Amino acid sequence: MPDARQLLRDHHGHESDKVAFIELFFDLVFVFAITQLSHSLIGHFSAEGALQTTMLLLAVWWVWIFTTWVTNWLDPEKIPVRFLLLAMMLLGLILSAALPQAFADKGLAFAGAYVLMQVGRSLFFLWAVKGNALMVRNFQRILVWLAAGGIFWLAGAFLSGGSRVVLWGVALAIEYVSPSLGFRVLGLGKTPADEWKVSGHHIAERCGLFIIIALGESILVTGATLSGLPWNAPTVTAFVVSVVGSIAMWWLYFDTASEFGSRKISASENPGALARLAYTYLHLFLVAGIIVTAAADEFVLAHPSGHSDLKTTVCLLGGAGLYLLGNFLFKWAIRGQAPVSHLLGIAVLGLLVPAASHLEPWLLSAAVTVVLIALAAWEKHARCLAG
């Protein structure tokens, strides 16, 4: 039986909080997962498809962010923790492969892999920190909530249609509400956020890397789509606009928010509360925006000319709007001040709605990209003025 101190990270010093290579290796599975999600949205673009893709994204993000919290406490360089991550990779690959058919004939494979990842990781953590009463009690509460959600995941896998959607929706609700309630369990109490002693630098870096994963998948979709199309003027123009849009999205987050957020959470007196709000919950809007934008890029590249249809308009304006909303909420959470520029950007996107159907897809994409570039320049200028 391990001594808890042997598997825990030593949070004394910046070097001990760096992201380990095994964590980056683990993330490769989620490159595949994000690709599967964007392709699912593209292939099943409807209200039902959007709902299913949203639910699957919530599950993928939740299993990844919970693992990030665990490796914030446990040292990934220790052999038992490495084996945990490698086992999680295998299960994650099964989960990712099942995503396109999760609401069809691969529901049990998806739900089974998901529950094994969530519950199995929690059981491992309890074993790893035996002797640390505070952490043991905390993860006993977490295990109860994840096990409760697991019941609905597995039950839903044996049903179909609307019944599966309802039961999996209940499972997601259980799991997503639990951190905000401090994982309160009858007889075990709750975990105050100030008991979550986390390395803010590690959490911030890990979430930033997930944003890179999502943006990388967006560029991958764009490049793969271009390779199978004739390289005429409208297609190449749409491709350039798409890549510039991805660059602007990167700039909005990494130039003006990522580093500040890392410093803010590292210096916070209650980093657990900030990590829960700004990184565990709010980053989901950023990832969702990137995935929807990736779908938009493929729609535009496939048909750059003519009038913009509904799915292209919804994905172009909705994806950028989601991303700006995520940036707005994240920056508000870490700065304590709402960035008015982002609200203005969302308003401009709204003003594009009436004209969207009259614009060619590449031109609508260019208009959205101009909005993102303008906001990135605004943020950069404001940052320079602030010193």
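This is a guided tour of the pockets, cavities and a few helices of a predicted model.

**Stop 1: the second largest pocket**

Start by selecting T54, L57, A288, V292 and L322. These are the residues closest to the centre of the second largest pocket, out of the 19 that line it. The space inside comes to about 330 Å³. To see the surroundings, colour helix 3 (47-73), helix 11 (283-302) and helix 12 (310-335), each of which supplies at least two residues of this pocket's lining. What is the chemical character of the lining? By class, 15 of its residues are nonpolar and four are polar, with no charged residues.

**Stop 2: the largest cavity**

Next, look inside the protein. Rolling a probe the size of a water molecule over the atoms shows where empty space is left. Searching the whole structure turns up two cavities of 30 Å³ or more.

For the largest cavity, with about 150 Å³ of space, select F66, W69, V70, W73, N138, F139, I142, P179, F183, W196, R276 and T280; these residues form its lining. Helix 3, helix 6 (133-157) and helix 10 (271-281) are the elements that give two or more residues to this lining. Which of them has the largest share? Helix 3 does, with four residues. Helix 3 is worth keeping highlighted, as it also supplies at least two residues to the lining of the second largest pocket. The classes in the lining of the largest cavity are nine nonpolar, two polar and one charged.

**Stop 3: the second largest cavity**

The second largest cavity holds about 100 Å³ of space. Centre your view on G245, T293, D297, V368 and T369, the closest to the cavity's centre among the 13 residues that line it. Two or more lining residues come from each of helix 9 (233-267), helix 11, helix 12 and helix 15 (361-386). Helix 9 gives the most, with five residues. Nonpolar and polar residues number six each in this lining, and one residue is charged. While helix 11 and helix 12 are in view, recall that both also supply residues to the lining of the second largest pocket.

**Stop 4: two cysteines**

Now pick C207 and C315. Are they buried or exposed? C207 counts as buried because its relative accessible area is 0%, under the 20% cut-off. C315 has 1% relative accessibility, so this residue is buried too. A search of the whole structure finds zero disulfides.

**Stop 5: helix 5**

Select residues 107-128, which make up helix 5. Try a distance between the C-alpha atoms at its two ends: they are 31 Å apart. With 22 residues at 1.5 Å a residue, the helix should span 32 Å, so the two values agree. Switch to a surface view and you will find helix 5 mostly covered, with 16 of its 22 residues buried.

**Stop 6: helix 12 and the loop after it**

Finish by following helix 12 along its 26 residues. From first C-alpha to last, helix 12 reaches 36 Å, close to the 38 Å expected at 1.5 Å a residue. Just past its end sits G336, where phi is positive, at about 75°. Then step to Q337, in the loop between helix 12 and helix 13 (340-351). With a relative accessible area of 58%, over the 50% cut-off, Q337 is therefore exposed.

Key
Residues are numbered from 1 along each chain as its sequence is written. This is a predicted model: local features need pLDDT of at least 70, side-chain atom pairs count only at pLDDT 80 or more; totals for chains, interfaces and linings use all residues. Side-chain values use heavy atoms; hydrogens and water are left out. On a 1 Å grid over the protein atoms alone, a cavity is a set of points where a 1.4 Å probe fits but cannot get out, and a pocket is an open set with protein on both sides within 12 Å along at least five of seven lines; lining residues have an atom within 4 Å of a point. Grid points are joined across faces, edges and corners, and a volume is the space filled by probe spheres set on the points. Ala, Val, Leu, Ile, Met, Phe, Trp, Tyr, Cys and Pro count as nonpolar, Asp, Glu, Lys and Arg as charged, and the others, Gly among them, as polar. A disulfide is a pair of cysteine sulfur atoms within 2.5 Å. Buried means under 20% relative accessible area, exposed over 50%, partly exposed in between (1.4 Å probe, protein chains only). The expected span of a helix is 1.5 Å times one less than its number of residues.
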